[in-house]
Amino acid sequence: VITGMIAIGYLANDMGRRKGSLLTATLMALGALGMLLSSFLFSNDAHSLFISMVVLLAIFGIGVGGEYPLSASSASEKCIQHGNSTMDSRTDNKKGRRVLLVFTMQGMGIFVNSLTQSILLVFTKQFGHYIIIGKYYNDDAPSFIFNYDTIALLWIWRIIYAIGAGFLVYVLISRFIHLEESEAWASDKEQQRKQQQSGTLLPSSSARSLLFRFYGMRLFGASMTWLLWDIAFYGNKLFQSTFIKALTGENSSLLQLSAAATLNAFVALLGYFAASYIVDFPFVGRVRLQSCGFALTGILFTSCGFFSKSIGTTWLVALYLGSSFFGQCGPNATTFLIPSEIFPTEIRTMCHGISASSGKVGALISAILFNYLDEVSLFMVSGVCSFVACALTVLTLPETVNLDLTELDRHWRILREGRSEQEYVGPATHSDFLSFYEAQCVSAENANSGIQLNPIL
């Protein structure tokens, strides 16, 4: 997944959004179909099945990773309505909602998957049959396990994979027939071509230098907040089994566990839709939604840690579901959205890919680190990560709720020509659209030079 985020995010800057989206859809469809086919070909050969699944999951994961920067950037750029020139272009004021409704399909997929699994368990009558295996050491109550029809469970697994593969094949065909190239990307490439013909475009090595000089702190902020959130988010997911047991009881059947997972996915899905509804309100915006979301989830995580041993099951379940809702209606949505709006078109997918891959590094950290933590420590670390990410959001990330994204391209074109940044006049360098850190840099430069400067960083 990390490889796909970085590699395809980088390649999409040159190959375009359409070709990049076709590439990701092809990889995901091939991977899903291959895994489905392997379940039939190697059903009696565990070793071959394992090897084939590892290879196919790698292919599938690269496609999934590339989908992050491409889906976010494509949705964001579709809100840019182009005129006859860059000056005539403008951005739809509902751009955040469009991007987050695309991201909401992730939550929809998780919910539908859990719901489908529950329905199939009922349809195949896999309620589980008790098998008594003895007595507890210090109790007279019998110990038991659930017995299931393994063939029926295998077919449930295959059906779920088949549904997913079918949708991915449809997406691939639909993109091939209907998906058009991003006008914002095409317009930007045309501007680059004209600059190259006139000899005013700086080489690619200079572009990388400009990226870190003028947008480096934004990239750091977007990457670190996503990393910290995924440490908290995926670490919190490790507690999901405890949550489900608290909701369904210690000895729970597969159907009970699946139903509890469906409930949690539904609450999270409400958070996705809530975020998409409010994110474009000027009094909410991206930075406030993300920082408040981090603060709320931090409070909920630490509350779970402090009170997990002293409060009842009902309150523990409420706290956990609250963290699921505000996690989605907050940092899980905005960490996906913000990198698609704070960088110019030429470097947008690459920067989004770097930010997203940082998040998956956080997921790896949590998967390794949290195995050595007890339940209380797990929640406390998740809470601390949320609070630190809240501070980084306020300090390093700019608000873009009312920013016309074409202004970022105008500013970037001046920089790419090697011209003085003072030649740019527009909102991209206005304090309303700078982070706290960037605004302080502007104030310091103005105080030292005595002239009006417009640095992004």
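These legends accompany several close-up views of one predicted protein model.

The model is predicted, so local features need pLDDT of at least 70 and side-chain atom pairs count only at pLDDT 80 or more, while totals for chains, interfaces and linings use all residues. Residues are numbered from 1 along each chain as its sequence is written, and side-chain values use heavy atoms, with hydrogens and water left out.

**View 1. The whole protein has 15 helices and four strands.** Helices (H or I, at least four residues) and strands (E, at least two) are DSSP runs, numbered from the N terminus. Of the 457 residues, 50% are buried; buried means under 20% relative accessible area, exposed over 50%, and partly exposed in between (1.4 Å probe, protein chains only). About 21200 Å² is exposed, and carbon and sulfur atoms supply 65% of that area. Accessible areas come from the Shrake-Rupley method with a 1.4 Å probe; for residues, only the protein chains shown count as cover. Among contacts (heavy atoms within 4.5 Å) between residues at least 6 apart in sequence, 80% join residues at least 24 apart.

**View 2. Confidence varies along the chain, from strand 2 to helix 2.** pLDDT is the predictor's confidence in each residue, from 0 to 100. Its mean over the protein is 86, and 87% of the residues reach 70 or more. Strand 2 (residues 90–91) has the lowest mean among the elements, 56, and helix 2 has the highest, 95. Residues 82–88 have pLDDT below 50, and beyond near neighbours in sequence this stretch has eleven contacts in the model. Residues 450–457 also have pLDDT below 50, with 34 such contacts.

**View 3. Helix 11 covers residues 313–337 and has a kink at Gly 327.** The kink is about 50° and lies shortly before the proline Pro 331. A bend at a residue is the angle between axes fitted to the seven residues ending there and the seven starting there. The expected span of a helix is 1.5 Å times one less than its number of residues. For the 25 residues of helix 11 this gives 36 Å, and the end C-alpha atoms are 35 Å apart, which agrees. Helix 11 is largely enclosed by the rest of the structure, because 19 of its 25 residues are buried. Cys 329 counts as buried, at 9% relative accessibility.

**View 4. Helix 4 (residues 95–123) bends at Val 102.** The bend is about 25°. The 29 residues of helix 4 should span 42 Å, and the end C-alpha atoms are 42 Å apart, in agreement. Lys 125 follows helix 4 and has a positive phi, near 60°.

**View 5. Ser 43 sits in the loop between helix 2 (17–41) and helix 3 (46–77).** Its relative accessibility is 37%, so Ser 43 counts as partly exposed. Not counting residues up to four places away in sequence, Ser 43 touches Ser 38 and Arg 158. Leu 154 is 111 residues from Ser 43 in sequence, yet the two C-alpha atoms are 9.4 Å apart.

**View 6. Ser 435 lies in the loop between helix 14 (406–416) and helix 15 (436–449).** Ser 435 counts as buried, with 1% relative accessibility. Leaving aside neighbours within four places in sequence, Ser 435 is in contact with Leu 395, Thr 396, Leu 397 and Pro 398.

**View 7. Cys 79 is buried.** Its relative accessible area is 1%. The structure holds zero disulfides, a disulfide being a pair of cysteine sulfur atoms within 2.5 Å.
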